[in-house]
Amino acid sequence: MMALCAMAVSLADAQTHAVEPSLSIDVIKAFFAQMPDSVVPHMTKNNRLDMMDFMDAKMKAEVTNKLGGKSEMTDMSASYMRITISKSCDMQIRSLHSAAGDTLMAVAITIGATDSELFVYDLQWNRIGDDMMPELLGPTMTQQGYMGCISLNAHDTTAMVTLSNPFILPDEKGGAPSMPQPFMVRWDAQSLNFVKP
């Protein structure tokens, strides 16, 4: 009986501190390579392949994109990628899992370091649900003109949301306007959504 109790406690503890299943880096690389042009029109498939080759060779992963500007991959692991698409546009990809064990990918694209879109896709680039940012901000914040910039965590399935609002003026002394504190969200494999802890 004691052994069964110990086993149950051990199993519960393992579920509470479940480790995300590990993926081969080939999964995220194949996902990025097959990205539809409509997601990021700036880059060709050859641009994306070149970036990954440069990262594998431990070289600066910078390419000339379709608009004649520079795009650079700055991070690449089996679970996370970060790409500076242009001076004003940034892209992050993070691997996730559903409760059923399916591999999914979160793709965040941020314009001007203040306004993000966050979508989740399956490995064939089929979109699962709508842009998650309005739901994360909530209707009140959205109606008041707040925008959210999301930073996906390279090491786990949490993310940080930072708020801004172009309609809020600086204070009386000309200082930066007061903004709500950044907040953390985490991936919920059951609801297939990022939620506040």
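Me: Buried means under 20% relative accessible area, and exposed means over 50%. So is R48 buried or exposed?

Reply: This is a predicted model, by the way. R48 has a relative accessible area of 2%. The cut-off for calling a residue buried is under 20%, so R48 counts as buried.

Me: Okay, and which residue forms a salt bridge with R48?

Reply: R48 sits in helix α3, and its partner lies in the loop between α2 (25-33) and α3 (45-56), so the pair ties together parts that are eleven residues apart in sequence. That partner counts as partly exposed, because its relative accessibility is 44%. The closest N and O atoms are 4.0 Å apart, and the residue in question is D37.

Me: How many salt bridges are there by this rule?

Reply: In general, side chains of opposite charge can pair when their charged atoms come close. D188 and R186 are one such pair, with 4.0 Å from N to O, and R186 is partly exposed at 35% relative accessibility. The full count of salt bridges comes to five.

Me: What about R82: how far apart are the closest N and O atoms in its salt bridge with D90?

Reply: R82 is partly exposed, at 26% relative accessibility. D90, on the other hand, is buried, with a relative accessible area of 15%. In the salt bridge between R82 and D90, the closest N and O atoms are apart by 3.2 Å.

Me: Let's go inside. Which element gives the most to the largest nonpolar core?

Reply: As a general pattern, nonpolar side chains in soluble globular proteins tend to be buried together. The largest core here has 26 residues, and F32, M73, M81, I83, M91 and I93 have the most contacts inside it. Among the elements giving two or more residues to this core are α3, β1 (61-64) and β2. The top contributor, with four residues, is α2.

Me: Which residues of α2 are buried, then?

Reply: The buried residues of α2 pack against α3, β2, β3, β4 (89-97), β5 (103-111) and β6 (115-121). Those buried α2 residues are I28, K29, F31, F32 and A33.

Me: And S79: is it buried or exposed?

Reply: S79 is in the loop between β2 (70-76) and β3 (80-86). Leaving aside neighbours within four places in sequence, S79 is in contact with I28, I93, R94, S95 and A154. Its relative accessibility is 18% and the limit is under 20%, so S79 counts as buried.

Me: What is the order of the strands in the open sheet?

Reply: The sheet has four strands with antiparallel pairing. β8 (147-152) and β11 (193-195) are the edge strands, since each pairs on one side only. The twist from one strand to the next averages 35 degrees. Read across, the order is β8-β9-β10-β11.

Me: Last one: which residue in β11 is the bridge partner of W187?

Reply: Strand β10 covers residues 183-188, and β10 pairs with β11 in the antiparallel sense over three bridges. The β11 residue that partners W187 is F194.

Definitions and conventions
Residues are numbered from 1 along each chain as its sequence is written. This is a predicted model: local features need pLDDT of at least 70, side-chain atom pairs count only at pLDDT 80 or more; totals for chains, interfaces and linings use all residues. Side-chain values use heavy atoms; hydrogens and water are left out. Buried means under 20% relative accessible area, exposed over 50%, partly exposed in between (1.4 Å probe, protein chains only). Contact means heavy atoms within 4.5 Å. A salt bridge is a side-chain nitrogen of Lys or Arg within 4 Å of a carboxyl oxygen of Asp or Glu. A nonpolar core is a set of buried Ala, Val, Leu, Ile, Met, Phe, Trp, Tyr and Cys residues joined through side-chain atoms within 4.5 Å. Two strands pair if DSSP finds at least two bridges between them. Axes are lines fitted to C-alpha atoms, for helices over the stretch in contact, and angles run from 0 to 180 degrees between N-to-C directions.
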